[in-house]
Amino acid sequence: MHAPPRRLLGAWCAALLVTAPLTPAHADDPAPAPLFTTDLDHTGVGYPVYRIPALTESNAGTLIASYDGRPTYGDVPNNIALVVRRSTDGGTTWQERQVVRYEPGKPGYGDPSLVTDRETGRIWLFHAASINQGYFGSTTGNDNDDPDVLHADVSWSDDDGVTWQHRRLTEEAKNPAWAGLFAASGEGIQIRRGPYAGRLVQQYAVRHQGGNWAASLISDDHGETWRFGQLLGPGMDENKVVELSDGRLMLNSRAQGGYRKVAFSDDGGESWSGLHTDDELIDPANNGSIIRYDAEAAPQSADARKLLFSNTATQSGRSNLTIRQSCDNGETWPIRRVLEPGAAEYSTLTPLADGRFGLLYERGGYQHISYARFGEDWLDGLCAPVSARTTDPGTAGGTAEVEVSITSQETGAIDGVVVSLDLPEGFTAPDVRIAKLAPGATASVRVPVQVPEGVATNAYPYTVELTSDKGSSQGSGSIIVKGGNTVLSDLVERDYDGSTMTDLTDRVASVKDLTGGAVTVRFSTTARPTVGTLLSLADPISAVRDVVVSLNGGKPYVEVRTASGTYPVRLQSNVDVADGKQHELVAASSSGVTSLILDGELIAQVNRQAFFADVTALTKPHALNPSGLPNLTVGMNRAHLPVAGGAAAPGNRWGFVGTIHSVEVSDDLRPGEELVPSSDLAIASVSSEETAGEDGRAVNAIDGSSATIWHSRWTSPAAGHPHQITLDLGSSQALTGLRYQRRATGTNGDIADYNVLVSSDNTTWTKVASGTFPAGKGLAEARFARQDARYVRLEALSATDGKVFASAAEVRPLRLR
C-alpha cells in the first residue's frame with residue numbers, strides 16, 4: 001500500500017460510513033442497447049436536494065459516484081453532506097448511499113471531484129469544507145482552523161471506495177492572498193505520458209482580487225504533497241483539463257458570454273497560455289466535462305486525438321445535455337448527440353474499462369441525479385468536420401446561398417455522403433450528395449436556400465447534418481438575410497472627434513418601441529478608444545440603462561443594458577476594424593438571436609434577443625426628462641453621469657473618432673404590419689397568476705418590459721395546465737399573429753405546446769393557431785390568416801421543462817397597419 005500523506009486533518013482514521021436506506025434505482029429497460037440510463041437519487045428521498053455530480057472508475061472496475069446531499073438548494077456555507085454510491089456492474093445497479101462526511105450544525109462538505117491514481121489504486125475525493133463562509137464570502141488566509149476561510153479538503157480510499165479518510169490542504173497548498181476556492185466538481189486527471197507522467201491534476205476555481213480564476217492543484221508524489229500552479233484568468237469558473245495526444249494539457253472552462261473558454265499548458269498544469277473562447281462550444285455558464293476518448297491509445301494513433309465533451313449545449317437556461325466528440329485534440333467538434341433534450345444541469349464523463357463511457361448528471365431542474373452509459377455505437381460519429389458560410393446573402397422571400405465544406409479525418413474513404421441543412425422555420429433547402437471522400441480530402445458544395453417572407457435582417461443559425469456509410473457529423477452556420485422595414489435613415493456623412501455628437505432624439509419615436517430589428521452603420525476609423533459609440537438609445541436619467549452599438553478598442557460591440565450589471569444582450573467581437581477602410585456593421589436582434597455582421601460576414605452571435613423596447617419600457621417621466629422618452633444619439637452616449645464633488649447630471653461619454661457615413665434602423669415585421677402597442681392592451685382575464693411568491697401578475701406580460709413576467713400560480717396549490725392569458729385590444733383589429741417573449745432568465749414556465757384563439761365578444765372563441773414553441777430564449781411567433789377581433793387568448797398546454805407552469809415576459813399581437 002502506498003505510504004499515507006503526511007499532513008492530516010486530525011488523526012488518521014477510517015471515516016464512519018453512514019448508510020441510508022434507499023429504494024434501488026430503477027434501470028430503464030435496456031432495449032436500445034447503445035444507451036442505458038438510470039436514476040441514483042431523487043429530490044426529497046433521503047435528502048431534500050441532491051446536487052453536484054462526480055464520477056470515476058476504480059482500478060477494480062468499480063464506479064464511484066459522489067455528490068452533495070443538501071438541506072436546501074443553497075451551496076456552502078450550508079450543512080451539506082458528502083455522499084457516495086458504488087456500482088460493481090458498470091452502473092446498472094448501485095449500492096446504498098454512503099455518507100462520507102457530515103457534521104451536525106454549521107459545517108458543510110460539498111462540490112466533489114474524484115481522481116483515481118492508476119499507479120497506486122488510491123481514489124481521491126476533493127471537496128470544499130465550510131463553517132461560516134462560502135466561495136464569495138471567504139476571507140483570505142490559509143489557516144486550517146479559520147472558520148471564515150472556505151477550505152480545500154480531500155478524502156481518499158484505499159479499499160475501492162468502501163472506507164474513507166480525510167485531510168485538509170488549505171495551509172499546505174492555498175496561497176494566503178487568495179479568498180474562496182473550491183475543486184471544480186466532476187473528475188480530475190492523472191497524466192499518462194511524457195515528463196509529467198503520474199502527476200495528479202485537480203482543477204480549482206479561485207476567488208482573487210474580486211475576480212474568478214482557474215488553477216491546477218498538482219501532486220508529483222501520489223498525493224504525499226500538493227501545490228497549486230499559476231492562476232489563469234480572470235473571467236474563469238468551474239474548469240476541467242484533459243491530456244492531449246502531443247502531451248499538452250487543455251483546460252476547458254465555464255464562462256460568461258455564451259461560450260466555453262480554452263487554454264493550454266506545456267508544463268503539466270503549472271502555467272497556462274493561449275486563453276480564448278471556443279466559438280463552437282456554446283454554453284449557458286454551466287459546469288461541463290472533457291475526457292480522453294481512449295487514454296491508453298498510442299500517441300500517434302487516430303484514437304489518441306479523440307476527445308469527448310459534455311455540457312448543456314444552449315446559451316440560455318440549462319437544457320439540451322449533449323455529448324460531443326472531437327477527432328483533432330479539440331480543434332473541431334463534428335460529432336454530437338443529445339442525451340437529454342429537456343432540463344439538465346451539471347454533468348461529468350468518465351471512460352469505462354470496457355471501452356464505453358459513463359455520464360453522471362443532474363436532470364429535471366435539479367430533481368434527479370442520473371447515470372447514463374453509452375458507447376461508440378450510440379455516438380454513431382464520423383470524423384469529418386463541417387463548416388458553412390453564406391456566399392450570397394438573401395432577402396425576405398428570396399434565395400440565399402451557403403457553401404458547406406467537409407474535411408475527412410477518417411482513415412478510410414467515406415461513401416454515400418449526404419449534406420442536409422436543418423433550417424429555421426420557413427427556410428427550405430435541398431439535400432446535396434457528395435462523391436466518395438478520400439482520407440484527408442476536403443469537398444465543398446453550394447446549397448440554395450429559400451428564405452421565407454417577412455424575416456428581418458439578421459444571421460439565422462442552422463445545423464449542417466452529414467450522413468454517410470460510416471456515421472454522421474454536424475456543423476453550424478448562419479444564413480445572412482436582409483429584411484424588415486426601414487424605420488429610420490440618416491444618410492448624412494459626418495466626422496467625429498470623440499467629443500462631438502449628433503442628436504436624433506426628435507426621431508426616437510420611430511424606433512423606441514421596437515422589440516426586434518437591426519441597426520446598420522457604415523463607418524471608417526483608425527482610432528481605438530475604449531468605447532467609441534456609433535448609435536445609442538439611453539434613458540436620460542440613468543447611467544446604466546441603454547442600447548449601445550459601438551467599437552470597443554476598435555472591435556464591434558453591442559449591448560442592451562437594463563440595470564447595473566444586467567445585460568439582456570451583450571456581444572463583443574474579436575475583429576479589429578480600425579484600419580481606415582469603410583465598413584458596414586449590422587447589429588441585429590430578432591427571432592431569439594442577436595448577431596454582429598461585418599461587411600456581410602457574421603463575426604459574433606448569441607442566442608438571446610433584446611432591443612430598444614427593453615430600455616424604453618423602463619424610461620419614465622422625471623423632472624430632468626418630462627417626456628419620459630429615451631434619447632437617441634450618434635457618435636456619443638448621453639446619460640446621467642456622476643460629477644466629482646457634486647450631484648449626477650446629464651453628460652456625454654464614449655466618443656467615437658472617425659467618420660460615420662450613414663445610420664439606418666429597421667424593424668422585424670412584415671411589410672404592412674405592426675405590433676399592437678402595449679399601451680393599447682389590457683388584461684381581460686387570466687387563469688392564474690403568482691402574487692405571493694413573486695410579482696408574477698398577468699399585467700407584466702403587456703408592460704413592454706422583458707424584465708418582468710407573468711407566471712402562473714406556483715405557491716401551493718400550484719395551478720396546472722392548461723393556462724390562459726387573454727388580452728383586450730379595446731376595439732376590433734385586423735390581426736395576423738401573436739408574439740410570445742420568453743422570460744429573460746431561467747426556463748421555468750417557458751411555453752411549449754400552445755393554442756391561439758380570438759374573439760370579438762370575449763364569449764365565442766375561434767382557434768386560429770396551434771403548435772409548439774421551440775425551446776430557447778427570445779421571441780417565438782404564432783402566425784395565422786387575417787382575423788378581425790378584439791380579444792386574443794394564448795393558451796399554454798405544456799412547458800419546455802416538463803413542469804406544470806406557464807410564464808411570459810411579453811405577449812403582443814400583430815396587426816395590419
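User: In this predicted model, which residue of strand 46 is the bridge partner of Leu537?

Analyst: The partner of Leu537 is Leu632. Strand 39 (residues 532–538) and strand 46 (residues 631–634) run antiparallel to each other, with 4 bridges between them.

User: What makes strand 39 and strand 46 a pair?

Analyst: Pairing requires at least two bridges. Strand 39 and strand 46 have 4 bridges, so they pair under that rule.

User: Which strands stand at the edges of the open sheet, and why?

Analyst: The sheet has 6 strands in the order 37-46-39-40-41-42, with antiparallel pairing. Strand 37 (502–503) and strand 42 (569–572) are the edges, because each has a single partner strand and one side without a neighbour in the sheet.

User: Why is the contact between Arg561 and Asp546 called a salt bridge?

Analyst: The cut-off is 4 Å from a side-chain nitrogen of Lys or Arg to a carboxyl oxygen of Asp or Glu. For Arg561 and Asp546 the N to O distance is 2.8 Å, so the pair qualifies. Arg561 lies in strand 41 and Asp546 in strand 40, 15 residues apart, and the pair links distant parts of the chain.

User: How do you know whether Arg561 and Asp546 are buried or exposed?

Analyst: Buried means under 20% relative accessible area. Arg561 has 9% and Asp546 has 1%, so both count as buried.

User: Which residues form salt bridges with Arg70?

Analyst: Asp68 meets Arg70 at 3.0 Å, N to O, and Asp75 meets Arg70 at 3.3 Å, N to O. Both distances are within 4 Å, so each pair is a salt bridge.

User: Why is Asp75 called partly exposed?

Analyst: Partly exposed covers the range between 20% and 50%. Asp75 has a relative accessible area of 37%, so the label fits. Arg70, at 1%, is buried, and Asp68 is also buried.

User: What makes Asp667, Glu674, Asp680, Arg815 and Arg817 one network?

Analyst: Salt bridges that share partners join these five residues. The whole structure has 45 salt bridges.

User: What is the volume of the largest cavity, and which residue classes line that cavity?

Analyst: The volume is about 60 Å³. The lining has 10 nonpolar, 2 polar and no charged residues. Val519, Val547 and Phe611 are among the lining residues. Strand 43 gives the most, with 3 residues.

User: Which charged residues line the second largest cavity?

Analyst: The lining of this cavity, of about 40 Å³, has 3 charged residues. Asp, Glu, Lys and Arg count as charged, so these are Arg739, Glu810 and Arg812.

How values were computed: Residues numbered from 1 in each chain as written. Predicted model: local features only at pLDDT ≥ 70, side-chain atom pairs only at ≥ 80, totals over all residues. Heavy atoms only, no water. 1 Å grid on protein atoms, 1.4 Å probe; cavity = no way out; pocket = protein on both sides within 12 Å on 5 of 7 lines; lining within 4 Å. Points joined across faces, edges and corners; volume = space filled by probe spheres on them. Helix = DSSP H or I, 4+ residues; strand = E, 2+ residues; numbered from the N terminus. Buried < 20%, exposed > 50% of the residue type's maximum accessible area, 1.4 Å probe, protein only.
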